[in-house]
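This report goes through one protein model by topic. Please have the sequence and the structure in view while reading.

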Amino acid sequence: MNADQTEALLGMLVTFGLLVLMALPSVVGIVRERRIDRQIREAHEERERREAVSREEMRRTQKSSDRSTVPSTATWYAEGRRSKKLVNS
C-alpha cells in the first residue's frame with residue numbers, strides 16, 4: 001500500500017466517522033421516540049383493559065332494580081289512551 005492509497009483510506013474513514021457522528025443524534029432520537037410511543041400504547045391498552053374489567057364487574061353486581069327501565073309498548077299505548085280520555089271528557 002503506497003502513501004496515496006493510505007491517504008485515501010484515511011480520508012474515507014474520517015468522512016465515514018463524521019457521517020456517523022452527524023447521524024447519531026437522529027438515530028438516538030428515533031429510538032427514544034419509539035420507546036415512548038410503545039410505553040404510551042401499552043399504558044392506553046392497560047387502561048382500556050382495566051375499564052372493561054370494571055364495567056363487567058359493575059354489570060355483574062348491579063341489581064335489576066338499579067337498571068333504568070323503558071316502558072313497554074303496551075304501557076306507552078295505555079298511557080296515551082288515558083290522557084286522551086281525560087282531554088275528551
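Does L13 count as buried or exposed? The model is predicted, and in it L13 has a relative accessibility of 54%. Exposed means over 50%, so L13 counts as exposed.

## Surface and the nonpolar patch

L13 is part of helix 1, which covers residues 3–61. Together with M1, L9 and M12, L13 forms a nonpolar patch on the surface. The accessible area of these residues together is about 470 Å².

The protein has 89 residues, of which 0% count as buried. About 8,800 Å² of the protein is exposed, and 60% of that area is supplied by carbon and sulfur atoms.

## Helix 1

The protein contains two helices and zero strands. Helix 1 has 59 residues, which should span 87 Å at 1.5 Å a residue. The C-alpha atoms at its ends are 85 Å apart, in agreement with that expectation.

At the start of helix 1, the backbone nitrogen of D4 has a side-chain oxygen of N2 within 3.2 Å. Further along, at A23, helix 1 bends by about 35°. A proline, P25, follows A23 within four residues.

## Salt bridges

Side chains of opposite charge can pair when their charged atoms come close. With a cut-off of 4 Å between a side-chain nitrogen of Lys or Arg and a carboxyl oxygen of Asp or Glu, the count comes to six salt bridges.

One of them joins the side chains of R38 and E42, at 3.8 Å from N to O. Both residues lie in helix 1, four residues apart, which is about one turn of the helix. R38 has a relative accessible area of 37% and is partly exposed. E42, at 42% relative accessibility, also counts as partly exposed.

## A network around E46

Which residues are linked with E46 in a network of salt bridges? They are R49 and R50. The side chain of R49 meets that of E46 at 2.7 Å, N to O, and the side chain of R50 meets that of E46 at 3.6 Å, N to O.

R49 and E46 are three residues apart in helix 1, about one turn of the helix. R50 and E46 are also about one helical turn from each other, because they are four residues apart in helix 1. E46 has a relative accessible area of 31% and is partly exposed. R49 is partly exposed as well, with a relative accessible area of 46%.

How values were computed. Residues are numbered from 1 along each chain as its sequence is written. This is a predicted model: local features need pLDDT of at least 70, side-chain atom pairs count only at pLDDT 80 or more; totals for chains, interfaces and linings use all residues. Side-chain values use heavy atoms; hydrogens and water are left out. Patches are made of residues with over 30% relative accessible area and no salt bridge: like charges are joined within 9 Å, nonpolar side chains (Val, Leu, Ile, Met, Phe, Trp, Tyr) within 5 Å. Accessible areas come from the Shrake-Rupley method with a 1.4 Å probe; for residues, only the protein chains shown count as cover. Buried means under 20% relative accessible area, exposed over 50%, partly exposed in between (1.4 Å probe, protein chains only). The expected span of a helix is 1.5 Å times one less than its number of residues. The bend at a residue is the angle between axes fitted to the seven residues ending there and the seven starting there. A polar contact is a pair of N or O atoms within 3.5 Å; within protein, one must be able to donate a hydrogen and the other to accept it, and residues adjacent in sequence count only if both atoms are side-chain atoms.
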